[in-house]
Every structure is written in structure tokens, then in C-alpha cells.
Amino acid sequence: MKIKWLESFQKDQQQKVSAELSDAYDFDPRDPLFGLPRNDLEGPVMSRRAVLRLLAATGALTAWHMLPGTGIRPAAAASGGTLTAGWAGVGEIVTLDPAQINQVLQFQIASNVLSGLTHIDSDLVARGDLAESWQVSADGTQYNFNLREGVTFHNGDKFTADDVLFTYNRSRDPKQSIHSRAISNVKAVEKIDDYTVRFRLKSPQASFLVKSLERASGRAMTIVSRGALAKMDETDYGMAPVGTGPFRVTYHQLGQGVVLEKFDGYYDPERPKLDKVVIKPIIDTEPLAAALEAGDTQLIGGNPVPAELLDRFQSNSDLVVDIVPGPGFQSLWINPWHPHMRVPDFDKPLGDLMKEKGFKVRLAIAKALDRKRYIKQAQFDRGLEAFGTINPAMGFFFDTGINETSNQAFDPEAARRLMAEAGYPDGKGFPALKLLTTPANRRESQVVANILKKNLNIKIELDTKDFPVLIEDFDAMRWDLVRIGSGGDYDPDDGLVDWMQTASKFNGSKRDKSKQAFGFFSEKEVDQLVSEQRVVTDPEARRKMVRKANQITSDKVTCAFLFHPVDALVHHKRVNFPDVSRIPGLVDLDRVTLS
Amino acid sequence: MQLATDDASRVDSPEDVSLLRRSRWTDWWLTVMHDKKALAGLVILAVFVFMGLFAPLIAPYDPNDMEYEMLAPPSRSHLLGTDDLGRDLLSRIIHGTRISFFIGFTTVALALVSGVFLGLTAGYYGGWRDHLIMRYIDLQWAFPNFIIAVYMVAVFGTGIFNLTIAISLAYVDDFARLARGMVLTIKQEPYVMAARAMGASNTRIMGTYVLPNATAPLIVQATVSVSYAILAEAALSFLGLGVESTTPTWGLILAEGRSFISRAWWVGVFPGLAIMLTVLSINFLGDALRDFMDVRETQDLM
Amino acid sequence: MVTWIVATLVFFMLRAVPGDPLVAMLFDVGDPAAAEELRQKYGLDRPLFIQYVKWCGLLLQGDMGRSIYGSRVPVSTIIIEALPRTISLALLAFAIAIGIAIPAGIIAALRKNSFLDHATTLLAFLGLSMPDFWLAIMLIIVFAANLHWLPAIGYVPISQGVWPWLKHLILPAIAAGTAFSAIIARMIRSSMLEVIKTDYIQVARAKGLRKNTITLVHALPNALIPVITVMGIAFALLMATTVVIENVFSIKGLGRVLIQGILNRDYPVVQGAILVVSMIFIFINLLVDILYTVIDPRIRFE
């Protein structure tokens with residue numbers, strides 16, 4: 001199956017979305033938040049117009065939610081039964097405690113067990129979860145949440161405002177949670193009464209509802225049980241956390257998997273439909289496929305389904321394969337401090353930069369990357385060519401034309417010319433480069449090495465290291481080239497703030513600062529654009545800044561971008577996975593039924 | 001331990017020993033020629049060695065060229081088909097012979113030399129040397145070999161060199177134990193006693209009497225170890241700790257192709273067949289060697 | 001004593017492996033301060049020697065520490081949970097190996113140089129020469145993916161029923177036991193051959209005892225003596241195999257715990273697991289020694 005249709009589809013939908021957006025933008029442009037009257041923004045569920053605007057502002061707007069028939073549909077009447085799911089590429093689920101979760105495959109499960117104040121739906125819109133409704137102050141720094149009443153934890157405790165405070169205090173303590181940084185913009189949380197809390201922010205934050213308060217990917221404000229934590233130790237709670245979610249953990253042993261059972265006291269009596277969910281971690285590829293084909297498992301969650309299996313699954317009439325754009329980018333990073341690729345200063349016009357030898361080599365590498373071929377060989381044709389951090393799942397911000405406008409656009413002739421101008425005609429005199437990669441990424445790194453060899457006649461040797469070592473080398477800038485990327489990027493911030501700014505958390509945090517002024521990239525204009533787009537409230541203006549920053553980082557080769565992955569959900573025909581639960585990256589099972 | 005020392009015990013000068021050894025090799029050669037299994041093994045190994053030596057001349061394509069259709073079945077242009085990255089499988093297997101054999105034989109050679117050195121020292125001199133070396137051997141023995149190899153690769157990283165060291169280190173104790181056992185037995189033989197009484201130096205005694213008489217079981221152990229080393233390399237590749245793909249080994253080709261076997265049988269069958277044939281041949285040869293030298297079966301596991 | 005040296009060695013050897021578990025764990029969070037907080041909390045910021053003394057102290061109280069990752073499960077829990085999985089797998093693999101090897105070895109010995117002998121020899125060598133992960137995947141493709149007879153992954157404790165337990169272990173045990181059965185079959189064959197040659201069997205034969213009686217009552221027990229010696233080594237071999245097999249079948253046994261621990265630099269887990277594995281090793285060898293004296297009264301401990 002080709003993903004090509006996606007591009008034309010998106011161009012098409014882009015116009016529709018823009019039209020609807022401009023329609024939604026018809027009044028009060030001075031409103032400090034999103035130019036919306038507060039009534040529109042406030043919950044239980046935001047108005048469609050507000051949804052579009054907010055989505056656009058948080059980068060979560062995709063062409064996908066414009067698809068007909070993706071609204072909430074009542075699930076088929078059938079309920080009960082046991083679903084067995086294989087969790088791909090993992091041997092054990094080491095924790096389900098939101099304070100410790102550091103992998104998507106973990107919060108995929110936690111999302112079924114614990115609740116948050118908000119939860120994104122299939123359109124990536126924040127909907128009330130434990131928050132029934134909310135009001136936002138005029139300056140966008142105060143959020144009042146009206147909490148759902150009559151919610152109980154799995155242990156029978158009542159959920160109240162105190163639990164929100166408890167969770168907040170636990171999460172902001174770096175000794176208890178690894179996510180304290182995620183809520184550093186919160187100044188204070190106050191309890192108004194048992195069912196009302198107020199969050200006061202340091203500065204307006206467009207992504208607050210979708211990122212910080214989200215129950216699955218957010219983690220920092222995923223509500224944990226005070227009562228249970230008083231009795232259980234860190235470990236027991238991590239293995240079987242007590243929450244207010246649709247399922248409760250009844251069994252969890254490392255390596256054996258997790259058993260979830262229906263929680264009868266869930267606040268929505270209609271959910272969950274299933275009686276029981278058995279989650280089995282599966283390490284290797286062939287057993288993952290065999291278990292599904294034999295019917296031992298009926299659904300695959302966990303790490304992305306290996307691309308080489310998708311053809312096989314799609315040709316199996318018993319299986320359903322549902323593919324949507326995935327939120328992320330994968331790339332090849334080029335060390336600007338390498339003597340033959342040296343670019344010690346990116347703060348000059350592109351034209352001047354293009355005259356430097358080091359930059360010519362960088363650009364040549366980026367231009368020589370035949371992404372179509374890479375996606376075909378390394379990803380079995382599943383993926384979209386990437387030229388920036390902004391991914392197609394972020395429909396509104398994604399620039400469909402960047403494959404033509406980017407300086408990195410594939411052009412082997414120009415790439416060879418650049419190498420020759422830099423003093424390495426036909427790769428002569430250019431040293432062999434080491435490409436740092438993990439054992440898991442070895443296969444695709446070979447494809448990268450081969451493509452560069454073919455197009456530039458330069459030699460790339462793989463340097464395979466375990467993840468803990470690779471990360472140390474990456475942080476300390478001890479590499480020539482490195483194959484690394486980002487996933488779970490729902491907001492432009494996830495790409496731009498995390499990777500593209502001089503102060504980014506990944507930008508050579510452990511380098512020798514006396515010799516290297518920055519890590520892999522530093523550019524003043526990008527720094528400024530990225531900082532401004534974070535707080536700007538007008539989506540159109542934000543989009544302009546995001547796209548500009550994206551274009552500069554692409555043109556100046558922050559890295560050679562490779563591809564945006566797809567998100568594939570694979571399950572048996574007899575599993576009904578309703579569209580409303582189809583959230584990229586998540587596996588919410590509360591509405592899933594078996595027939 | 002019962003050993004084939006009857007012939008040697010009658011020998012009292014080094015010249016005779018080498019003569020005797022030469023004639024024993026000829027005998028062995030004759031035995032092999034009469035043993036069909038051993039002969040088959042020898043021929044197969046010879047073919048593989050030839051393939052490895054002249055790989056660039058024989059291989060129809062560059063083994064790292066990804067220019068061909070991915071997972072294409074065996075055809076006239078690609079006799080064994082192509083792999084998941086569109087590389088010619090036959091060419092990869094031919095080139096893989098080199099690295100697989102290199103790793104197989106080098107690891108065992110390294111382990112043999114260092115193990116025999118330790119074993120001889122410990123067994124011959126006894127005393128604190130023996131004590132020290134035996135403690136080391138006990139210690140290493142308490143770790144499963146494979147775990148040692150994994151640990152070594154974790155410390156030094158992947159690559160042919162590191163892999164060879166890692167696997168060979170894991171086998172040192174086997175050879176040391178065996179060599180020590182042999183020395184302890186041979187040391188008591190009258191001819192060694194006699195040589196010592198006649199004032200021969202330690203090195204001379206070791207080189208002329210002890211070592212040649214310990215060769216038989218060591219060689220048997222070594223042949224079996226070569227096949228284990230080839231399999232160990234495959235297992236490390238399976239765990240993602242093998243060599244890099246540009247210098248393929250059979251184990252790596254197999255490990256890389258493992259998720260495609262059900263879709264493209266050739267990526268699983270041919271490299272697997274190459275490993276099996278080699279290990280089989282080595283074992284047939286080792287078997288003939290063992291029968292000839294009359295070494296008891298237990299020793300290959302001690 | 002050996003255990004203590006092993007423990008010490010493992011402790012310091014592990015710290016020599018490059019890679020920081022906390023940095024890896026908190027990579028996505030991108031918060032160096034958080035890593036430092038955790039380092040302090042877990043006591044990993046203190047001098048190595050202090051860490052070692054503390055670890056030894058806790059170890060004496062039976063506390064092996066906690067995993068660095070996720071919910072920080074105690075190492076003892078991880079090992080206690082993993083042990084029955086590895087032991088089940090090893091025992092079943094051993095049973096399958098013995099079950100195939102004894103009849104095969106006897107038949108081969110009794111019908112020396114017959115077609116049956118050659119066939120079993122060939123089969124034994126084939127079993128020896130297949131990479132274990134490859135055999136495992138082949139079994140999965142045939143029996144799980146296509147025939148749907150047996151599950152492809154997982155382990156079910158025996159407390160949930162013998163059949164579910166067995167059902168999940170059959171494929172892994174076959175994959176792990178095949179190579180081993182080949183080794184034992186070869187050993188039984190050769191030791192049977194030797195025993196048959198001995199005087200007392202000839203006497204028994206002369207007395208006109210039935211052939212089957214001779215084989216089963218007189219020859220076999222004696223032929224098994226060397227086999228028992230190998231059982232200690234068997235565990236070492238099985239351990240290497242189970243590491244790989246556990247990975248293929250997603251069974252979190254000791255091997256998987258070890259490999260995962262090494263790759264993640266989860267120090268406490270690796271230290272604990274290696275300690276336990278070495279202890280089992282030493283214990284099994286003690287057991288073998290005792291068993292040996294029981295079976296063969298001629299052998300005495302010095």
C-alpha cells in the first residue's frame with residue numbers, strides 16, 4: 001500500500017480546514033487566549049468552532065478529524081468477554097505508575113486504569129475526564145475545574161479535590177516523579193471546595209489541556225490514589241496502580257504480563273464493555289505475528305508493529321490493519337564540530353552559509369538522502385518523507401509543500417556537486433564516518449549508509465551501541481552521525497522546543513562547553529521564533545512562526561530529516577475497535593467489544 | 001583418564017616423537033579416506049574454505065549492494081534469492097564463509113593457546129601457580145560461557161575483533177582444565193620421570209614430551225569447540241550483539257533474516273544450511289579423529 | 001568462597017561497562033536534575049567502594065537490592081519469579097533430551113555400524129548443528145503460526161494446571177533440548193559400546209541371560225555413569241540455550257533477566273542474577289559428585 005494518496009488527500013483537506021477555521025475566527029480577535037469567547041472554550045466539551053481553534057493552537061489539528069464518520073458512535077451492543085493483547089517488542093512492563101512511566105507502551109496500559117482531568121479523543125481534542133467542565137480566566141492563566149462527583153477509586157475511596165492536590169504535590173517532587181518538569185509552568189493548585197480546583201499558571205500555555213492535564217501521555221496529572229499510596233509501597237503501586245479508570249489491575253508479574261478486569265464502579269455505567277483484558281509482552285517479531293495469526297492474541301499494542309509484518313497482516317482476511325499518520329519524525333544528525341563537516345556558527349544568511357565547506361558537506365549529505373528509497377527499503381513503504389520536525393499528524397501546522405521548498409530536497413547531482421566544491425570530488429579524500437545507532441535501528445541504518453555510499457561515494461561505518469551508551473555519546477557530542485528521532489509529537493513544541501532551540505534538552509547537554517558553543521545546532525532566529533510561537537495566541541500567527549522555524553531548520557540542515565512514521569493498529573475482525581477510541585499512539589479499550 | 005600414550009611411552013628422543021607424529025597423521029589421513037562421513041566432511045569443509053579464500057572472485061555480486069528487488073525468490077540471476085534489503089543472498093553467504101570461519105577458528109585457536117598455557121603451567125608446576133590458576137578456572141566455570149561473551153561485548157562493543165575475543169575468552173577454561181588433566185597424568189609416566197632424572201629442563205620436557213602427548217584430546221576438543229563458536233556467534237547475532245552487516249557472518253545473515261522466514265523461506269534456509277553443513281562436517285571429522293586417537297567421548301565435554 | 005569472589009567480581013566488572021542507566025531512563029524527560037536526584041536517592045552517586053560495602057552488608061541480610069528501572073521491583077522478587085520458569089524449561093528440555101537420547105544411544109550402540117546407527121548419528125549431528133533460535137522460529141512457524149497447535153509465546157505457572165503449563169513449554173523445550181539430546185545420545189552410544197566390551201557383560205552373556213535383560217539391567221546403568229558427570233555441564237549448556245530461547249518465546253526466565261539487565265545496565269539485577277546462577281552451578285556440581293559416588297561406590301572423595 002502506498003501512502004502517497006495521503007499527500008493529495010491532505011492538500012485537499014487542508015483547504016477545508018482552513019476555510020472552516022477562518023469561518024471560526026470571525027470575532028473578537030483581541031481575546032488573549034485563542035480569540036474565542038470564553039463560553040466557547042469552556043467544557044464539558046468545547047464547541048466545534050472552539051475545538052478547531054484550540055486544536056490549531058495546540059498543533060493537534062489533523063485532516064483526519066474532518067473525515068466523515070469519525071464522530072462518537074455508540075458501540076455495538078455486545079459486551080463481556082476476554083481480550084488478549086500482545087504488547088510488541090517488549091519483555092516486561094516495568095511500571096504502570098504515571099510518576100515513573102517513560103514509555104508509550106506503558107501509558108497505553110495506564111490510560112485504561114487511571115484517569116486524568118482531561119483525555120484526548122480520536123480527534124486529539126481535550127475532553128473532560130474527571131473534570132466535568134472548566135472555566136478559563138480572561139488572561140489564560142487561571143483554570144477552574146468542576147470535578148465529576150460520585151467517582152470512586154478501585155479501592156472504594158471517593159475521588160475529591162484533595163486527590164488532585166495530592167497528585168500535583170507528588171508529581172512536582174522530583175524525588176517521587178520523573179515528570180516534575182512537565183508541570184513547571186503551574187504556579188499553584190488550589191482547592192475551592194471538594195469538587196472544584198483552580199490551577200494558576202505562570203504564563204499562558206496553549207497546550208495546557210492537551211498536554212499537561214492529559215491522562216495518558218501527560219502523566220504528571222494522571223490522578224493517583226492517596227489511600228492506596230498510604231498503604232502500598234512504591235513498587236506494589238507501580239505494578240498494580242489504583243485509579244479511577246474503567247479497568248483495574250488484578251494481576252501483574254514482570255514478564256508474565258498484566259491482567260485488567262472490568263471495574264464495576266466506573267463513573268460511566270456503559271463502560272467498559274469487556275470483562276477482562278490480558279496483556280502479554282512479546283519480544284520477537286515472528287512470535288508476535290504467530291500469536292496473532294493463531295488467535296492466541298487478538299490485538300497488538302505496545303511498540304509500533306514492525307513494518308515488515310504489515311503486508312502479511314493486510315493479506316490476512318481475519319485481521320484488520322488500520323493505518324493513520326503517526327506523530328513523530330526520524331532523522332540523521334550530523335556533527336557540526338567534525339573537522340570535515342564543521343559549522344561553528346549558523347547565525348548567518350543562508351547564502352553565506354552555503355559558501356562554507358563544512359556546510360556544503362552537511363547539505364550534500366541531506367540532499368543525497370533518497371527518502372523514497374529509504375522508506376521503501378527500510379520501512380517497507382510505510383512512512384512519509386520528512387523535511388522537518390512538524391509531522392503530518394499535526395495537519396494544520398504541517399507544510400505539505402516543504403518537500404519542494406526545502407533546501408534538503410533530494411537532488412543527488414547537486415549533492416555531488418557540493419561535495420566536489422567542498423574539496424571531495426566523488427568522495428575522494430573524505431574520511432569514513434561513524435554512524436552511531438542502536439541494535440534495534442541497525443537494519444535501517446544500513447540503508448542510510450548504503451544510500452549515502454551510492455550517491456556520494458563516501459564510506460559510512462555503523463557504530464552499534466546499546467541505548468544507555470548511545471545516549472551518553474549523543475549528549476556528549478561523541479559522534480559523527482547518529483540515527484535518532486522523536487515520537488508522540490502532538491504539538492509543534494514537541495519538535496521545536498525539544499530539539500531545535502539552542503537551549504533544547506537534547507542539544508549536547510553534556511558536551512565540552514569550552515570547545516563547543518552549542519551541541520548540534522544553534523540559530524538566533526529559530527530560538528526567537530520558537531519561544532514566541534509557544535505563547536502566541538493567534539493560531540494563524542503561530543502557524544506562520546512554526547512554519548518559518550521549520551523551514552529555517554530544514555534549510556540550514558539542523559539534521560538530515562528522514563521520515564515521519566505511520567501509526568498502525570492491528571487486530572482481529574471479531575474485535576470491534578470503535579473510531580472514537582482510535583487515538584494515534586494509544587490503545588484505549590473501554591469502548592472495545594468482541595463479536 | 002585413559003589416554004593413548006602407549007606408543008609414545010616407548011619413545012625417548014624428540015626426533016622419534018616427530019617421526020611418530022608424522023606417521024600418525026598419515027594414518028589419520030588414511031582413516032579419513034576410508035571413513036565416508038569424515039571424507040564427506042573434509043570435502044565440504046574444503047569447499048567452504050575455498051569459497052572463503054576466493055570469495056570476491058566467486059561471489060556473483062557485491063554482498064552489500066542493495067540494488068536488487070527485496071526478498072526475491074531464487075532465480076537464475078539470484079541463485080539463492082535476495083534478502084530483505086535487496087542483497088544477493090548467495091554472495092552474502094559466500095562472503096560470510098570468511099568471517100564465520102575466521103571467527104570459528106580464531107576463537108578456538110586463541111582459547112586453545114591461552115588455555116593450554118594456563119593448563120600446562122598449573123598442571124606441571126603445581127603449587128601456588130596451580131592454586132591460582134585453578135581458582136581462576138573455577139571462577140570462570142561458575143559463569144555460564146555465553147553470559148561471559150555477552151558481558152564482553154557489552155564492555156568492548158560489537159565488531160569482529162571484540163566478538164572473537166569475547167567468544168574465545170569464554171572457552172579458555174575448557175582447554176585449561178583439559179590440558180591440566182592431561183599433564184597431571186603424563187607427568188607420572190615413566191619416560192617423563194626418566195627425562196627429568198636425566199636433567200632435562202622444564203621447558204624441554206613440556207615441549208618434547210608433555211605437549212605432544214596431550215595433543216590428541218585437545219585436538220578433539222578444539223574441533224568440537226569450532227562448531228560451538230560458530231553457533232555462539234549466531235546466538236550473539238540473534239541478540240543484536242553480532243558483527244556489522246557489511247561484514248556478514250552466516251549467523252548474522254540468519255539472525256537478520258529471521259523475521260522474514262515465513263514470507264521468504266530462502267533467507268532462513270540457506271544460511272541455516274551453511275551453518276549446519278559446516279558444523280556437521282567438523283563433527284564428522286572430529287569423530288574420525290576421536291575414533292582414531294581413541295579418545296573417550298566424555299572428554300569433549302570436560 | 002567462590003560465590004563471594006563471583007559476587008565481588010560481578011559488582012566491579014559491571015561498573016566497568018560503559019553506559020549510565022539513569023541517563024537512559026530519563027532521556028525522554030530531558031531533565032539532568034532529575035537524573036541527579038535519582039542518583040542520590042538510589043545511592044549511585046557514592047564512591048564505588050562504599051556502594052560495594054553497602055551491597056555486601058545488605059546481601060548478608062538476604063537483600064539483593066532493587067531494579068533501577070520502573071517500579072523498582074526487588075531483585076529477589078524478580079529472581080524468585082524467574083526461577084520456576086527457567087527451571088521448568090530446563091527440566092522439560094532435559095527430559096526431552098534424555099527421552100530421545102537414551103533409546104537412540106542404546107539402539108545405535110547395539111546395532112553398531114548398522115543403518116540405524118548411522119541414521120541416529122546423522123540426526124544427532126543435525127540436532128547439534130542447528131542454531132537454537134533458528135530451530136525455535138521454525139517450530140513457531142510450523143506449530144503456532146500455521147498449525148495453531150501450540151502457543152507461540154509465554155509461560156503459564158504449573159499452579160494454573162499441568163496442561164497449560166506443559167502446552168506453553170513444549171516448543172521452547174524442544175528447541176532447547178535438541179542439541180543437548182544429540183550430545184547425550186552420542187555419549188550413551190560410546191559408553192554403551194565400552195561397557196558391552198567389559199568382562200562382566202561377557203560373563204552375563206555366557207550365562208545365557210536374555211539380551212534385553214543384559215542391556216537394561218547390566219549395561220545401561222553402567223553406561224549412564226559418565227552421562228551423569230555431564231549433567232553439571234549440561235546445565236551450563238542449557239543456560240546458554242535458554243537465554244536465547246527465552247527471548248524467542250518471551251519467557252522472562254533467568255537468562256532473559258540477565259541479558260536484559262546487562263543491556264540496560266541494571267546493576268542490582270545483574271549482580272543478583274549472576275550470583276544465583278553461579279550458586280546453582282556450584283550446587284549442581286556438588287550434586288553430581290554425590291550422585292556419582294552413590295552410583296559408583298568405587299569412587300570416593302579424597
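**Figure 1. Strand S16 of chain A, an enclosed strand in a predicted model.** Welcome to the first close-up, taken from a predicted model. Strand S16 of chain A spans residues 460–464, and 4 of its 5 residues are buried, so the strand is largely enclosed by the rest of the structure. A residue counts as buried here if 20 or more other C-beta atoms lie within 10 Å of its own. Alongside runs strand S15 (residues 433–437) of chain A, which pairs with S16(A) in the parallel sense over 5 bridges. If you would like a place to start looking, find A:Leu436, whose bridge partner in S16(A) is A:Asp463. To get from S15(A) to S16(A), the chain passes through helix H16 (residues 442–456) of chain A, making a right-handed β-α-β crossover.

**Figure 2. The open sheet of chain A that holds S15 and S16.** Stepping back a little, we find 6 strands in the order S14-S18-S13-S17-S15-S16 (chain A), with mixed pairing. Which strands stand at the edges? They are S14 (384–385) and S16 of chain A; each has a single partner strand, so one side of each is left without a neighbour in the sheet.

**Figure 3. An antiparallel pair in the sheet, and a helix packed on the sheet.** Strand S13 (residues 328–334) and strand S18 (residues 560–564) of chain A run antiparallel and are joined by 3 bridges. Here A:Leu332 stands opposite A:Ala560 in S18(A). Helix H13 (residues 371–379) of chain A packs on the sheet, where it touches S14 and S18 of chain A. The direction of H13(A) makes about 50 degrees with that of S18(A).

**Figure 4. Domains 3 and 4 of chain A.** Chain A is divided into domain 1 (4–66), domain 2 (80–91 + 245–323 + 568–595), domain 3 (114–227) and domain 4 (329–564). This view looks at the last two of that list, domain 3 and domain 4. Their C-alpha centres lie 36 Å apart, and 7 residues of domain 3 are in contact with 5 residues of domain 4. On the domain 3 side, the touching residues comprise 3 nonpolar, 3 polar and 1 charged.

**Figure 5. Where chain A touches chain C.** Here 45 residues of chain A are in contact with 47 residues of chain C. On the chain A side, the elements giving two or more residues are helix H8 (234–239), strand S10 (276–282), helix H9 (285–293) and helix H17 (467–475). Which of them gives the most? That is H9(A), with 6 residues. By class, the chain A side has 18 nonpolar, 13 polar and 14 charged residues.

Key. Residues numbered from 1 in each chain as written. Chains lettered and ligands numbered in written order. Predicted model: local features only at pLDDT ≥ 70, side-chain atom pairs only at ≥ 80, totals over all residues. Buried ≥ 20, exposed ≤ 12 C-beta atoms within 10 Å, placed from the backbone. Helix = DSSP H or I, 4+ residues; strand = E, 2+ residues; numbered from the N terminus. Pairing = 2+ DSSP bridges. Right-handed = clockwise from strand over helix to strand, strands pointing away. Contact = placed C-beta atoms within 7 Å. Nonpolar A, V, L, I, M, F, W, Y, C, P; charged D, E, K, R; others polar. Axes fitted to C-alpha atoms, helices over the stretch in contact; angles between N-to-C directions. Domains from an automatic or database assignment.
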